[in-house]
Amino acid sequence: MTAENDPQAYLVAFERMSTTASWPKEFWASQGEAQAAYQAMTDAETAQYNLVKQAVLWHCNITGEKHRVQFREYQRYPDTRPRVVMQKLHDHMVHWLEPTQKTSLQMGEAIVVEQFCHVVGAETQAWIWRQNSDNLEDAVKLA
């Protein structure tokens, strides 16, 4: 994986290849090419693939916030098929709202917090985003 590659696509391909090859998951963390993130971790952390994956994504600045922005700012290129547009939007939404890890109420709150931040103004919005809050009560207190 190089700086020009999509880290998420790399990780998905790596996970599929590892599953197909029947590698035990406890060995996944010792494979791959995400050296900078990997080297910054402790020995105990590097033994856990999910922690390595999180570190790689963080190191590459692939966050829920980045996907939220990409979801909101996505623009269709000329001649892009509607299904491709829908798939890109869906992918950004999934990485932003994490529907497999959050309840529908938590996802709804994240959307309302985003709109709340939009309404209260740029300075307050920046403060709330810096605190990484997607909870309504926390956002109101921060504002």
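**The chain and its elements.** Helices (H or I, at least four residues) and strands (E, at least two) are DSSP runs, numbered from the N terminus, and in this chain they come to nine helices and zero strands. The model is predicted, so local features are described only where pLDDT is at least 70 and side-chain atom pairs only at pLDDT 80 or more, whereas totals for chains, interfaces and linings use all residues. Residues are numbered from 1 along each chain as its sequence is written, and side-chain values rest on heavy atoms, with hydrogens and water left out. Read from the N terminus, the order of elements is α-α-α-α-α-α-α-α-α. Of the 143 residues in the chain, 24% are buried (under 20% relative accessible area with a 1.4 Å probe and protein chains only; over 50% is exposed, and partly exposed lies in between). When contacts (heavy atoms within 4.5 Å) are taken between residues at least 6 apart in sequence, 37% of them join residues at least 24 apart.

**The largest pocket of the model encloses about 950 Å³ of space.** A pocket is an open set of points on a 1 Å grid over the protein atoms alone, where a 1.4 Å probe fits and protein lies on both sides within 12 Å along at least five of seven lines, and its lining residues have an atom within 4 Å of a point. The volume is the space filled by probe spheres set on the points, which are joined across faces, edges and corners. The largest pocket is lined by 27 residues, and Thr63, Gly64, His95, Glu98 and Gln101 are the closest to its centre. Two or more lining residues come from each of α1 (7-20), α4 (49-59), α5 (64-73) and α6 (82-97), with the largest share, five residues, supplied by α4. Sorted by class, this lining holds nine nonpolar, 11 polar and seven charged residues (nonpolar: Ala, Val, Leu, Ile, Met, Phe, Trp, Tyr, Cys and Pro; charged: Asp, Glu, Lys and Arg; polar: the others, Gly among them).

**Helix α4 and the residue that follows it.** Within α4, the buried residues include Tyr49, Val52, Ala55, Val56 and Leu57. Just after this helix, Asn61 takes a positive phi of about 60 degrees.

**The second largest pocket has a volume of about 370 Å³.** Its lining is made by 14 residues, and those nearest the centre of this pocket are Asp6, Gln8, His67, Asp91 and His92. The helices α1, α5 and α6 each give two or more residues to the lining of the second largest pocket, and α6 gives the most, with five residues. By class, five of the lining residues are nonpolar, five are polar and four are charged.

**Two histidines, His67 and His92, are in contact with each other.** His67 belongs to helix α5, while His92 belongs to helix α6. Because its relative accessible area is 6%, His67 counts as buried, and His92 is likewise buried, at 12%. Leaving aside neighbours within four places in sequence, His67 is in contact with Gln8, Ile62, His92, His95 and Trp96. Under a similar exclusion, of residues up to four places away, His92 touches His67, Gln70 and Phe71.

**Two loop residues, Asp79 and Glu98, have a positive phi.** Asp79 lies in the loop between α5 and α6, and its phi is near 70 degrees, a positive value in a residue other than glycine. With a relative accessible area of 79%, Asp79 is exposed. Glu98 is placed in the loop between α6 and α7, and its phi is positive at about 50 degrees although Glu98 is not a glycine. Glu98 counts as partly exposed because its relative accessibility is 31%, and it is one of the residues closest to the centre of the largest pocket.

**Helices α7 and α8 cross at roughly 145 degrees.** The axes of α7 (residues 104-120) and α8 (residues 122-130) come within 6 Å; these axes are lines fitted to C-alpha atoms over the stretch in contact, and the angle, on a scale from 0 to 180 degrees, is taken between N-to-C directions. On the side of α7, the contact is made by Glu114, Phe116, Cys117 and Val120, and on the side of α8 by Thr124, Gln125, Ile128 and Trp129. Together these contact residues are, by class, five nonpolar, two polar and one charged.
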